[in-house]
Amino acid sequence: AKLQHANIVQIYDFDKGEGQYYIAMELVEGRDLRRVVFATRNAGMRLRIDMALFIATEVLKGLHYAHSRQFAGRPLGVIHRDISPHNVLVSNAGEVKITDFGIAKAVSRATTTRSGVIKGKTAYMSPEQASAAPVDQRSDLFAVGVVLYELATGERPFVGDSDAELLARVRRCEFRAPREVRHDLDPALEQVILRLMTRMPGGRYATAAEAEGMGLVNRVVAP
């Protein structure tokens, strides 16, 4: 509820009425990105590269705000931990909004996640999250890289015949290079994706703002 940004679904109210807790949230008229990707695949198409870059850029803007948000002079330390097409909404007006910070963890919270517990959607996790290791904002950037990979190539980078195999591949960061999947992909865009999806956090962009701005995600132009 402390997050108020154009690229984040707004929570208007949280209260209790008639013995029930409720949350009043912004209504986004549109579809989640998962449905957009599914419809595109069913039509035998790929999402246009400029659209994929626009969506990724808008997600990065929302994440930068969330990651750097302060309250009462103190950083909230918010990490989303579940960036995936399911949690990115695309409105009919062309807005892109992140939703479901339900498993986000802020440093100010009194409760802590139990050691060894893995939360989030496996196919979009960072290797450190899949290993139940400590994560920081660069884990969200890895997930953005996975989403951008899928939007740009039409395929998910991480697949497996079982949950265990999928988890192992995520932990090893084992995937085909984007241009092996889509040969006409701009090499500059591939480098952006690969940096976002570097196995060790230190090899990624340091912040969402760097990925969105200095990382040139929004300036890569594909044919």
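These legends accompany close-up views of a predicted model.

**Overview. The whole chain in outline.** The protein holds eight helices and seven strands. Of its 223 residues, 43% count as buried. Contacts between residues at least 6 apart in sequence were examined, and 64% of them join residues at least 24 apart.

**View A. Helix H2 against helix H4.** H2 spans residues 49-68. The axes of H2 and H4 come within 10 Å. They cross at roughly 170°. An angle over 145 degrees counts as roughly antiparallel, so H2 and H4 are roughly antiparallel to each other. Their crossing is right-handed. From H2, the contact uses Ile49, Ala52, Leu53, Ile55, Ala56, Val59, Leu60, Leu63 and His67. From H4, it uses Gln137, Asp140, Leu141, Val144, Leu148, Leu151 and Ala152. By class, the contact of H2 with H4 has 13 nonpolar residues, two polar and one charged.

**View B. Helix H1 against helix H4.** H1 covers residues 33-42, and H4 covers residues 137-153. Their axes come within 11 Å and cross at roughly 25°. Under 35 degrees, a pair counts as roughly parallel; H1 and H4 are therefore roughly parallel to each other. H1 passes H4 in a left-handed crossing. On the H1 side, the residues are Leu33, Val37 and Arg41. On the H4 side, they are Val147, Glu150 and Leu151. The contact of H1 with H4 divides into four nonpolar, no polar and two charged residues. Leu151 of H4 appears here against H1, and it also takes part in the contact with H2.

**View C. The ring pair of Phe14 and Tyr21.** The model has four aromatic pairs. In the pair shown here, the ring centres of Phe14 and Tyr21 lie 6.0 Å apart. Their planes stand at 10°. Planes under 30 degrees apart count as stacked, so this pair is stacked. Phe14 is exposed, with a relative accessible area of 52%. Tyr21 is exposed as well, with a relative accessible area of 58%. Phe14 falls within strand S1, which runs over 11-17.

**View D. The ring pair of Phe158 and Phe175.** Phe158 and Phe175 form an edge-to-face pair. The distance is 5.6 Å centre to centre, with 80° between the planes. The pair links distant parts of the chain, its two residues being 17 residues apart. Phe158 sits in the loop between H4 and helix H5 (163-172). Phe175 sits in the loop between H5 and helix H6 (178-181). Phe158 is buried, with a relative accessible area of 1%. Phe175 is partly exposed, with a relative accessible area of 22%. The buried class ends at 20%. Ring pairs also join Phe158 and Phe175 with Phe142 and Tyr149 in a cluster.

**View E. The surroundings of Asn7.** Asn7 lies in the segment before strand S1 (11-17). Asn7 is buried, with a relative accessible area of 5%. Leaving out residues up to four places away in sequence, Asn7 touches Glu58, Lys61, Gly62, Val96, Lys97 and Ile98. Val96, Lys97 and Ile98 make up strand S7 (96-98).

**View F. Positive phi at Ala72.** Ala72 is not a glycine, yet its phi is positive, about 55°. Ala72 occupies the loop between strand S4 (70-71) and strand S5 (74-75). At 72% relative accessibility, Ala72 counts as exposed.

**View G. Positive phi at Asp100.** Asp100 is another residue other than glycine with a positive phi, here near 60°. Asp100 is found in the loop between strand S7 (96-98) and helix H3 (127-130). Its relative accessibility is 38%, and Asp100 counts as partly exposed.

**View H. Gln191 and Pro178.** Gln191 has its place in helix H7 (residues 187-196). At 48% relative accessibility, Gln191 counts as partly exposed. Pro178 lies 13 residues from Gln191 along the chain. The C-alpha atoms of Gln191 and Pro178 are separated by 9.1 Å. Pro178 falls within helix H6 (178-181).

Definitions and conventions:
Residues are numbered from 1 along each chain as its sequence is written. This is a predicted model: local features need pLDDT of at least 70, side-chain atom pairs count only at pLDDT 80 or more; totals for chains, interfaces and linings use all residues. Side-chain values use heavy atoms; hydrogens and water are left out. Axes are lines fitted to C-alpha atoms, for helices over the stretch in contact, and angles run from 0 to 180 degrees between N-to-C directions. Helices (H or I, at least four residues) and strands (E, at least two) are DSSP runs, numbered from the N terminus. Angles under 35 degrees count as roughly parallel, over 145 as roughly antiparallel, 65 to 115 as roughly perpendicular and the rest as oblique. A crossing is left-handed if the near helix is turned anticlockwise from the far one by less than a right angle, and right-handed if clockwise. Contact means heavy atoms within 4.5 Å. Ala, Val, Leu, Ile, Met, Phe, Trp, Tyr, Cys and Pro count as nonpolar, Asp, Glu, Lys and Arg as charged, and the others, Gly among them, as polar. Rings of Phe, Tyr and Trp (its six-membered ring) pair if their centres lie within 6.5 Å; planes under 30 degrees apart count as stacked, over 60 as edge-to-face and the rest as tilted. Buried means under 20% relative accessible area, exposed over 50%, partly exposed in between (1.4 Å probe, protein chains only).
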